[in-house]
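Got your viewer open and a selection box ready? Load the model below and we'll walk through it stop by stop.

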Amino acid sequence: MPLFFRKKKPSDDARKRLEYQMCLAKEAGADDTLDISKCELSEVPYGAFATCKVLQKKVLIIHTNNLTSLVPKSCSLLSLITVKVLDLHDNQLASLSADIGQLTSLQVLNLERNLLKCLPQSIGDLAQLQMLNVKGNKLKDLPVTVSSLRSLRSLDVSGNTVVELPRGLAHIRTLETLTLDASSMIYPSPDICSAGTESIQQFLCKECGIAYYPSSQYPLPALESDGGGTSVDGVDRAVHKYLEEEGEWQNKFLDYEKRKEQKMQEKLEFERRLNMGQREHALLVQQLNSQKDEILQTVREDQMRLEEGLTKHQRYLEEERLKLLQQLKQAEQGIASRIQKLLEDNQRQKQSSDILKSLENERIRMEQLMAITQEETEQLRRKEVAAAMQQMLAESYKNKLIQMTYESRRQDLVNQACSSLAEMDQKFQQILAWQQLDQNKAVSQILQQIEMQKAAFEALQVKKDLMHRQIRNQIKLIETELLQLTQLELKRQELDTETLQGVITEQRQALGYLLQQLLKEKKQREEELQQILLEMETKSETKQENYWLIQYQRLLATSGTCVWQEEGLEQQLVTLLTELSAEQYVPVFAHHRLSLRALGTMTASDLEKIGVAEAGLQRTILQRAQEILAVAKTIPELLRTEDTEFPAAPEPSAPCEEPPSPVVPMAPPLQWEKKSECVVCMEQETQMIFLPCG
């Protein structure tokens with residue numbers, strides 16, 4: 001009983017299709033094709049073999065079934081002696097019959113997508129086989145007898161585990177197409193296999209020691225012939241024998257039909273029990289589905305919670321990103337406003353006629369300075385001026401000497417920790433004596449060398465020049481703004497955004513143009529100072545004694561202290577003008593002895609009368625002065641009125657340091673990691689740094 005019901009029962013549609021195809025093949029005038037594909041067959045029916053034998057069918061199509069073997073136990077391959085095309089793809093064939101070589105008329109054999117692990121040796125007897133397709137099986141190698149297929153045109157072994165080809169393939173001169181998995185091949189190598197069929201054949205011919213000739217030089221014989229008279233006689237005898245066997249099997253088949261009716265009743269009982277088992281199975285499946293639905297509902301709820309949390313986190317990240325972008329935008333706006341302010345200040349200074357007047361006045365003053373009176377010659381303090389020059393020129397030398405002294409003292413302390421302090425003091429006193437001696441020598445040398453006196457005067461003149469100092473301060477401001485722009489661009493690269501890219505580019509171009517103009521003005525001013533120095537040198541050719549010492553003393557007397565301190569100007573007012581880039585008006589305010597309280601009562605027209613021509617600057621000065629006075633009302637200590645005059649200028653000494661550069665209000669810097677990136681190409685790392693020499 002179990003053996004009878006082991007095979008899967010074909011469906012009604014498959015059974016009807018099989019009956020229809022069998023009837024169609026037996027009709028009068030039917031073609032030479034028998035197509036029983038897609039009939040859910042587990043074995044080839046006996047009737048198919050009988051039909052092919054009696055009606056001499058040439059094409060047998062059995063693909064897309066469940067065949068595990070080609071020939072049933074009650075049949076013989078001799079029934080398919082006339083078949084030329086055999087299509088068995090998409091089945092479950094694990095092996096081919098060893099008698100496959102009996103199909104001497106076979107020209108096409110399609111075994112694609114089966115479970116074949118090997119091919120029988122008799123396959124080499126298929127002398128007329130032109131196409132062999134074993135794609136998608138489990139073959140590990142090809143039999144050596146494949147080389148006997150002298151009519152083979154196409155061979156497909158792809159989709160298998162074949163890694164080596166037999167050398168005998170070189171003897172198949174008619175082979176035109178060889179399909180395989182080139183990447184997994186070992187023999188021949190993957191490179192040769194990837195080059196194509198001709199390359200593979202050339203390699204195999206070389207391995208076998210035979211000459212290679214293209215397949216076009218070996219035309220195939222007429223494949224429709226039966227292979228000669230001898231073969232025909234043998235086939236007739238085989239057919240006659242098979243007809244006798246068929247009669248015997250017909251009787252056996254009738255007995256089988258009777259037993260089949262008896263088994264049908266048993267089959268119905270089995271189906272009844274099977275239905276009961278199926279109902280029980282359906283009940284179990286229903287319970288399993290209900291449990292699965294509960295699990296899916298739980299998973300769905302967890303997924304919803306996760307998605308909700310993820311949405312909240314994404315929303316939070318988006319808010320943080322928007323805040324950061326807003327900070328970047330505010331910083332860029334602040335930079336843009338400061339750049340606009342710098343441009344306006346530069347334009348205002350260019351259009352100001354008072355600067356030209358001050359330049360002319362300064363030129364007149366310099367010409368007056370060139371004239372040396374007898375009184376100044378008598379009052380020349382030679383030693384003090386020489387000491388100041390020595391301090392200007394020998395500052396680096398003294399620092400180096402002090403450094404050497406410090407290093408020597410530190411090394412002595414390390415190496416001679418047990419030495420007496422008296423000896424160390426003696427050495428230090430000796431070094432100080434040497435330093436004083438060098439200083440005295442340098443002072444005497446400066447008194448004698450006119451060129452050194454001239455160099456000291458030139459250095460002090462450049463350092464104390466008001467316009468040169470203003471240009472340097474503006475250059476520092478522009479460099480600071482360029483640094484801010486670079487940091488913003490670096491932050492934008494990290495955020496991967498293109499917001500306000502064009503605006504920053506225009507700002508950088510404007511700052512670059514302004515920086516070039518200021519550098520030109522700085523160079524022009526230095527040339528003017530050099531020209532003045534040449535004129536003074538021309539006038540000094542009268543061989544007047546101590547000419548450059550007197551000029552240096554005069555410059556110290558006029559510039560040793562700040563102008564606004566000499567004139568009694570308030571420090572807060574000076575800071576206000578410096579912040580507004582209006583240092584050129586400091587002498588004007590000092591001349592009129594203006595104070596913050598006086599500015600609080602003045603109007604824009606009053607400032608215009610004293611020489612402040614820019615309307616925007618007038619309003620800004622008055623507004624800032626009123627703000628400072630308002631703060632001073634609550635904190636009186638912030639407003640200091642200097643009623644007493646400053647003490648007289650001290651004795652000539654080294655020039656005082658420049659006041660610190662004005663503090664320009666800046667936006668709070670963004671916190672990010674600074675990277676050493678080139679500010680020119682914005683791609684590579686920094687390889688060179690340019691420092692402003694001043």
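What follows is a tour in selections, starting from the whole chain and moving on to single residues.

**The whole chain**

Keep in mind that this is a predicted model. Colour by secondary structure, and you should be able to pick out 20 helices and seven strands. Of the 694 residues, 35% count as buried. Switch on a surface and you are looking at about 42600 Å² of exposed area, with carbon and sulfur atoms supplying 54% of it. As for contacts with a separation of 6 or more, 60% of them are between residues 24 or more positions apart.

**The cores**

Next, select Leu86, Leu119, Leu132, Leu155, Leu165 and Leu180. These leucines have the most contacts inside the largest nonpolar core, a set of 59 residues. Which elements give two or more residues to this core? They are α1 (12–26), α2, α3 and α4. Helix α4 provides the largest share, four residues. Apart from this core lies another one, of 20 residues; to find it, select Tyr585, Val586, Leu596 and Leu622, which are among its members.

Go back to Leu86 and show what surrounds it. Leaving aside neighbours within four places in sequence, Leu86 is in contact with Leu60, Leu70, Leu103, Leu106, Val108, Leu109 and Asn110. Hold on to Asn110, as we'll meet that residue again.

**Helix α2 and its end**

Select residues 46–55 to light up helix α2. Its buried residues are Ala48, Phe49, Ala50, Thr51, Cys52 and Lys53. Step just past the helix to Gln56, where phi turns positive, at about 55°.

**Two more positive phi values**

Now try Glu40, in the loop between β1 (33–35) and α2. Glu40 is not a glycine, yet its phi is positive, near 55°. Is Glu40 buried or partly exposed? Its relative accessible area is 32%, so Glu40 is partly exposed.

Move along to Asp90, which sits in the loop between β3 (85–87) and β4 (108–110). Here is another non-glycine residue with a positive phi, about 60°. Asp90 has a relative accessible area of 25%, which makes this residue partly exposed as well.

**Asn133 and its polar contacts**

Select Asn133 in strand β5, residues 131–133. With a relative accessible area of 11%, Asn133 is buried. Show the side chains: which residues make polar contacts with the side chain of Asn133? One is Asn110, whose side chain makes a polar contact with that of Asn133 at 3.4 Å. The other is Glu112, joined side chain to side chain with Asn133 by a polar contact of 3.2 Å. Widen the view and, not counting residues up to four places away in sequence, Asn133 touches Leu109, Asn110, Leu111, Glu112 and Asp156.

**Ser158**

Jump to Ser158, in the loop between β6 (154–156) and β7. Though in a loop, Ser158 counts as buried, at 7% relative accessibility. What is Ser158 in contact with, leaving aside neighbours within four places in sequence? The list is Val134, Lys135, Gly136, Thr179, Leu180 and Asp181. You have already selected Leu180, one of the residues with the most contacts inside the largest core.

**Tyr187, Pro188 and Phe203**

Select Tyr187 and Phe203 and look at the rings. A search of the whole structure finds one aromatic pair, and this is the one: the rings are edge-to-face, 5.5 Å centre to centre, with 65° between the planes. Tyr187 lies in the loop between β7 (177–179) and α3 (190–194), while Phe203 is in helix α4 (residues 197–208), so the pair ties together parts that are 16 residues apart in sequence. Tyr187 is buried, with a relative accessible area of 19%; the cut-off for buried is under 20%.

Add Pro188 to the selection and look along the backbone. The peptide bond from Tyr187 to Pro188 is cis, with omega near -5°. Pro188 is also found in the loop between β7 and α3.

**Last stop: the cysteines**

How many disulfides does a search of the whole structure find? Zero. Select Cys75 and Cys118 to finish. Cys75 counts as buried, at 13% relative accessibility, whereas Cys118, at 44%, counts as partly exposed.

Note on methods
Residues numbered from 1 in each chain as written. Predicted model: local features only at pLDDT ≥ 70, side-chain atom pairs only at ≥ 80, totals over all residues. Heavy atoms only, no water. Buried < 20%, exposed > 50% of the residue type's maximum accessible area, 1.4 Å probe, protein only. Phe/Tyr/Trp six-rings, centres within 6.5 Å; stacked < 30°, edge-to-face > 60°. Disulfide = S-S within 2.5 Å. Core = buried A, V, L, I, M, F, W, Y, C linked by side-chain atoms within 4.5 Å. Contact = heavy atoms within 4.5 Å. Polar contact = N/O pair within 3.5 Å; in protein donor to acceptor, adjacent residues only side chain to side chain. Areas by Shrake-Rupley, 256 points an atom, 1.4 Å probe, with all protein chains shown as cover.
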